[in-house]
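This report was prepared for a reader beginning the study of protein structure. Please look over the sequence and the model before reading on.

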Amino acid sequence: GIVLVAINPYEQLPIYEQDVIYAYSGQNMGDMDPHIFAVAEEAYKQMARDEKNQSIIVSGESGAGKTVSAKYAMRFFATVGGSASETNIEAKVLASSPIMEAIGNAKTTRNDNSSRFGKYIQIGFDKRYHIIGANMRTYLLEKSRVVFQAEDERNYHIFYQLCASASLPEFKDLGLSKYFCL
């Protein structure tokens with residue numbers, strides 16, 4: 001099948017707006033320029049036509065924007081399925097992102113906030129192809145980073161956040177004082 005390769009242009013481009021979603025909606029793959037919305041439209045059409053589950057694999061280097069690409073695909077599904085305003089599914093599915101980033105992101109030589117997680121996002125649709133729910137599973141990819149990091153890199157952010165908060169009264173309630181940063 002088709003694999004989406006994320007490439008971060010390092011600047012905001014107006015290629016993910018609502019009008020672009022509508023431009024790709026209903027089009028056949030290859031009729032328009034390659035785009036995440038073209039891949040999402042193809043998966044959406046095949047799901048509706050064949051009544052079979054579909055998968056989109058997003059690949060790319062560290063910092064390429066794979067997580068952001070997944071958000072754009074969810075926005076596309078919510079918009080073409082008519083459920084964007086009803087459910088705000090993109091926000092709900094990714095609501096845990098700041099917590100997940102604190103626990104699973106690290107500073108690498110190429111990216112200050114590099115996710116060390118693989119993400120599997122499963123989106124559920126009803127019989128009218130409206131999004132009815134979703135869940136996100138995460139897989140820790142680099143356990144070695146817990147005990148070792150390369151020069152100019154930094155461990156998972158959560159360790160630094162816990163150290164920075166060690167003097168706060170709430171920290172004692174966590175029961176970590178004897179193990180952490182003291």
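The sections below treat the nonpolar core, a pocket and the salt bridges of this predicted model.

**The nonpolar core**

The largest nonpolar core has 17 residues. Within this core, Tyr24, Ile36, Phe37, Phe76 and Phe77 touch the most other members. At least two core residues come from each of helix 1 (18-24), helix 2 (36-50) and helix 3 (66-80). Helix 2 supplies the largest share, namely seven residues.

Phe37 illustrates how such a residue is surrounded. When residues up to four places away in sequence are not counted, Phe37 touches Ile15, Tyr16, Glu17, Val20, Ile21, Tyr24, Tyr72 and Phe76. Two of these partners, Tyr24 and Phe76, are also named among the core residues that touch the most other members.

**The second largest pocket**

The second largest pocket holds about 180 Å³ of space. Eleven residues line this pocket, and those closest to its centre are Ile2, Val39, Ala43, Gln54 and Ser55. Helix 2 again gives the largest share, here four residues of the lining. By character, the lining consists of six nonpolar residues, four polar residues and one charged residue.

**Salt bridges**

How many salt bridges does the count come to? The count comes to three salt bridges, and the table sets out each pair with the separation of its closest N and O atoms.

| Pair | N to O separation | Relative accessible area |
|---|---|---|
| Arg49 and Asp50 | 3.2 Å | Arg49 56%, Asp50 37% |
| Asp112 and Lys107 | 3.9 Å | Asp112 55%, Lys107 28% |
| Arg128 and Asp126 | 3.7 Å | Arg128 58%, Asp126 23% |

The accessible areas place each partner in a class. Arg49 counts as exposed because its relative accessible area of 56% is over 50%. Its partner Asp50, at 37%, is partly exposed, because this value lies between the limits of 20% and 50%.

The other two pairs can be read in the same manner. Asp112 is exposed, with a relative accessible area of 55%, whereas Lys107 is partly exposed at 28%. In the remaining pair, Arg128 is exposed at 58%, while Asp126 is partly exposed at 23%. Asp126 is therefore not classed as buried, since that term requires a value under 20%.

Definitions and conventions:
Residues numbered from 1 in each chain as written. Predicted model: local features only at pLDDT ≥ 70, side-chain atom pairs only at ≥ 80, totals over all residues. Heavy atoms only, no water. Core = buried A, V, L, I, M, F, W, Y, C linked by side-chain atoms within 4.5 Å. Buried < 20%, exposed > 50% of the residue type's maximum accessible area, 1.4 Å probe, protein only. Contact = heavy atoms within 4.5 Å. 1 Å grid on protein atoms, 1.4 Å probe; cavity = no way out; pocket = protein on both sides within 12 Å on 5 of 7 lines; lining within 4 Å. Points joined across faces, edges and corners; volume = space filled by probe spheres on them. Nonpolar A, V, L, I, M, F, W, Y, C, P; charged D, E, K, R; others polar. Salt bridge = Lys/Arg side-chain N within 4 Å of Asp/Glu carboxyl O.
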